[in-house]
Amino acid sequence: MSTSSAPVAWLTQEAYDRLKAELDHLMGPGRAEIVDRIEQARSEGDLKENGGYHAAKEEQGKAEARIRQLTELLRNAHVGESPADDGVVEPGMVIEATVAGDTERFLLGSREVAGETDLDVYSEKSPLGAAIHGKRAGESVTYTAPNGKEISVDIISATPYAG
């Protein structure tokens, strides 16, 4: 665990490696490509009405924000094996639950872990995630949604995410 106040994200080794490769690309070749596009657009003249220049600058801002996001995520990540298959709801577990009467299946943890899957992801800091964190299969809980509505949750199962 980290001693800083930043949240710790659980990541599989595969997810960590994928995100590290993305960060390395953004900080190296990705930055160079954007700088080249900015310089090319700048050489075309008047910057006020230069759409290519403004688009490249906007892309640069998004890339720098993603670099900051990935740097912070990877700095505070807990990388390792999936949590124990003990039925306890915790980050890195795929939860099957009846939420407000509908059966749902989702990953508790970081959206970055889910990668290309179509699995919904809820943070353990979200109202739903906070309500079910530490609970076991078979338990029921209610939580208050952001709109003030009380929502009931029946946990059916909690199994480690297999990626």
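Select Glu-59 and Arg-37 to begin: their side chains meet in a salt bridge, 2.6 Å from N to O. The term stands for a side-chain nitrogen of Lys or Arg within 4 Å of a carboxyl oxygen of Asp or Glu. The model is a predicted one, in which local features need pLDDT of at least 70 and side-chain atom pairs count only at pLDDT 80 or more, while totals for chains, interfaces and linings use all residues. Residues are numbered from 1 along each chain as its sequence is written, and side-chain values use heavy atoms, with hydrogens and water left out.

Stay with this pair and colour by secondary structure. Glu-59 belongs to helix α2 (residues 51-75) and Arg-37 to helix α1 (residues 13-42), so the salt bridge ties together parts that are 22 residues apart in sequence. Helices (H or I, at least four residues) and strands (E, at least two) are DSSP runs, numbered from the N terminus. Glu-59 is partly exposed, at a relative accessible area of 34%, and Arg-37 is partly exposed at 34%. Buried means under 20% relative accessible area and exposed over 50%, with partly exposed in between (1.4 Å probe, protein chains only).

The salt bridges number 7 by this rule. For another, select Lys-62 and Glu-58, whose side chains meet at 3.4 Å, N to O. Both lie in helix α2, 4 residues apart, about one turn of the helix. Lys-62 counts as exposed at 56% relative accessibility, whereas Glu-58, at 48%, counts as partly exposed.

Next, go to Arg-75 and Glu-72, which form a salt bridge of 2.7 Å, N to O. They are 3 residues apart in helix α2, a separation of about one helical turn. Arg-75 is exposed at 55%; Glu-72 is partly exposed at 34%.

Keep Glu-72 selected and add Asn-76, in the loop between α2 and β2 (78-79). The side chains of Asn-76 and Glu-72 are joined by a polar contact of 2.8 Å. Such a contact is a pair of N or O atoms within 3.5 Å; within protein, one must be able to donate a hydrogen and the other to accept it, and residues adjacent in sequence count only if both atoms are side-chain atoms. Asn-76 is buried, with a relative accessible area of 7%.

Now turn to the strands. β3 and β4 pair in the antiparallel sense over 7 bridges; pairing requires that DSSP finds at least two bridges between two strands. Their hairpin has 2 residues between the strands, and Ala-100 there takes a positive phi near 55°. Select Ile-95 to find Phe-106 of β4 opposite. Phe-106 also has a bridge partner in β5, Asp-120. Strand β5 (residues 120-122) runs parallel to β4, with 3 bridges joining the two.

Ile-95 also leads to the largest nonpolar core, which has 17 residues; Val-89, Ile-95, Ile-132, Tyr-143 and Val-153 have the most contacts inside it. The elements giving two or more residues to this core are β3 (93-99), β4 (102-108), α4 (127-132), β6 (140-144) and β7 (150-160). A nonpolar core is a set of buried Ala, Val, Leu, Ile, Met, Phe, Trp, Tyr and Cys residues joined through side-chain atoms within 4.5 Å.

Select Tyr-143 and show its surroundings. Leaving aside neighbours within four places in sequence, Tyr-143 is in contact (heavy atoms within 4.5 Å) with Val-99, Pro-127, Leu-128, Ala-131, Lys-149, Glu-150, Ile-151 and Val-153. The last stop is a second, separate core of 16 residues, including Ile-38, Tyr-53, Ala-56 and Ala-63.
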